[in-house]
Amino acid sequence: MKFFDIPSPCYVLQEEKLKYNLEILNNVRQHSGAKILLALKGYAFWRRFELVREYLNGCCASGIYEALLAFEEFGGREIKKDICVFSPAYKDFEIQQLLGIATHIIFNSFAQWQKYKNKIEIKNKQLQSLGFTKIEVGLRLNPLYSEVQPPIYNPCIKGSRLGITPGEFEKGVKEFGLEGIEGLHFHTHCEQNSDALFRTLGHFEKYFSPYIPQMKWVNFGGGHHITRADYDIEKLIDILKDFKARYCNTDVFLEPGEAIGWQSGFLIGEVIDIVWNGMYIAILDVSASAHMPDCLEMPYRPNVKKISLIDKKEVFEEDKGVNKAKYAYRFGGHTCLAGDIIGDYSFDSELKIGDRILFEDMMHYSIVKNNTFNGMPLPGLGTIQEDKFILLKSFDYNNYKDRN
Ligand SMILES: Cc1ncc(COP(=O)(O)O)c(C=O)c1O
């Protein structure tokens with residue numbers, strides 16, 4: 001396989017790496033008894049869901065579109081897969097459509113639950129008369145504890161709209177009771193290890209433990225970085241087993257997104273020009289702002305390799321770090337945004353116009369968030385299967401025009 005044969009720009013899934021992640025997650029499922037859902041908000045590469053479906057229990061959706069994608073491409077209750085939906089607020093038409101496909105609906109307030117309770121009960125009678133499992137309803141809670149940095153990713157910051165606080169929960173229980181609620185949900189992690197889950201559970205249980213025994217399930221949300229090399233999987237399995245043992249074998253869900261796509265593919269781009277302004281700046285056909293928005297939001301600096309064609313041979317060189325090697329460059333996108341900067345890199349050999357740049361670990365929170373700012377073409381979507389590149393989808397002008 002030649003990297004120069006891949007059309008640039010293109011996101012490329014490396015299937016054996018995805019499989020590696022899925023095997024780790026499956027191992028957690030088997031040893032802990034927990035159910036693991038794919039959070040589509042982080043990874044929605046449905047063109048290769050065949051593999052994911054084999055290993056995971058279903059999908060976590062943020063609303064009707066993700067739920068529809070899960071239903072069409074992953075499968076729902078008909079093949080015993082879960083489609084578990086949480087949205088900070090649902091509109092009438094969304095609930096109406098979700099009733100046909102969701103297996104779990106999680107509300108962010110007692111008011112929303114009350115608004116749609118009747119509709120769900122009616123639907124459940126129909127489902128049960130047809131021999132299907134019913135829709136299970138849950139509430140998202142805010143345990144007032146999260147270690148996530150920066151604050152834009154922290155669902156427990158002061159004034160957060162995500163999850164019912166312990167005080168509001170007590171009030172809601174007094175007014176409406178919990179009959180019809182079968183699950184509790186919290187999501188307070190981002191790229192964290194199992195020690196953070198251990199500490200968080202202490203806070204969750206401090207406020208909500210009296211209610212757990214009456215629940216069928218508790219959903220521990222996403223943000224568990226289970227497939228990262230230094231993740232303590234044994235500790236996670238112990239935490240999950242211990243929780244289930246203490247609460248009469250309650251089902252536990254985890255809904256990671258990033259851990260599924262983690263280090264399972266790259267974004268390849270090309271050097272279009274190199275300019276000088278006190279430093280060499282390479283202008284690429286990939287953009288932080290349009291194609292890797294988390295580089296600016298998180299922010300983070302992706303790892304890169306440069307690929308040059310020398311005597312028809314592809315020669316790879318890893319970045320040596322900011323100003324570490326002889327040839328140093330700033331990489332930027334070709335949008336108008338002054339801050340469309342991917343990062344600073346350096347190499348032992350000179351960068352040339354036409355060289356390829358491979359941005360590692362670009363399968364999660366990239367494709368799901370990309371955009372056509374400045375009319376930027378969307379990168380293609382491809383996959384590498386047994387050392388063979390397959391182009392799955394390319395985009396054109398119409399994709400830009402349709403969005404405006
Ligand atoms: C409710 C909920 N579940 C799951 C996830 C997935 O998190 P991650 O991709 O970090 O595992 C998120 C991410 O924001 C979320 O908000």
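Select Cys248 first: this residue is exposed, with 10 other C-beta atoms within 10 Å, where a residue counts as exposed if 12 or fewer other C-beta atoms lie within 10 Å of its own, as buried if there are 20 or more, and as partly exposed in between, with C-beta atoms placed from the backbone. The model on your screen is a predicted one, in which local features need pLDDT of at least 70 and side-chain atom pairs count only at pLDDT 80 or more, while totals for chains, interfaces and linings use all residues. To find each stop, count from 1 along each chain as its sequence is written.

Stay with Cys248 and look at its backbone, where phi is positive, about 45°, although the residue is not a glycine. Most residues other than glycine have a negative phi, and most peptide bonds are trans. Cys248 sits in the loop between α8 and β9; here helices (H or I, at least four residues) and strands (E, at least two) are DSSP runs, numbered from the N terminus.

Next, select residues 233-246, which form helix α8. Its 14 residues should span 20 Å at 1.5 Å a residue, and this agrees with its end C-alpha atoms, which are 20 Å apart; the expected span is 1.5 Å times one less than the number of residues. Which residues of α8 are buried? They are Leu236, Ile239, Leu240 and Phe243. Seen down the axis of α8, these buried residues fall within an arc of 95°, so they line one face of the helix, the arc being that of the directions from the helix axis to the C-beta atoms. An α-helix has 3.6 residues a turn, so residues three or four places apart point the same way. Turn the view to the face of α8 directed away from its buried side, and you meet the exposed residues Glu234 and Ala245. Then add α1 (15-32), α7 (194-208) and β9 (251-254), which are among the elements that cover the buried residues of α8.

Move on to helix α3, residues 64-74, whose buried residues are Ile64, Glu66, Ala67, Ala70, Phe71 and Phe74. They cover an arc of only 170° around the axis, which puts them on the same side of α3. What covers them includes α2 (49-55), β3 (58-61), β4 (82-86) and α4 (92-98). Just after α3, select Gly75, which takes a positive phi of about 110°.

Two peptide bonds come next. Select Gln149 and Pro150, which are joined by a cis peptide bond with omega of about -5°; Pro150 has its place in the loop between β6 (136-140) and α6 (166-176). Then select Met298 and Pro299, where another cis peptide bond has omega of about -15°, and note that Pro299 is found in the loop between α11 (294-297) and β12 (304-310).

Go now to Asp387, in the loop between β17 (380-385) and β18 (388-393). Asp387 has a positive phi of about 65° although it is not a glycine, and it is exposed, with 7 other C-beta atoms within 10 Å.

Finally, zoom out and colour domain 1 (3-12 + 265-362 + 370-402) and domain 2 (33-261), whose bounds come from an automatic or database domain assignment. The C-alpha centres of domain 1 and domain 2 lie 35 Å apart.

Note on methods:
Two residues are in contact if their C-beta atoms, placed from the backbone, lie within 7 Å.
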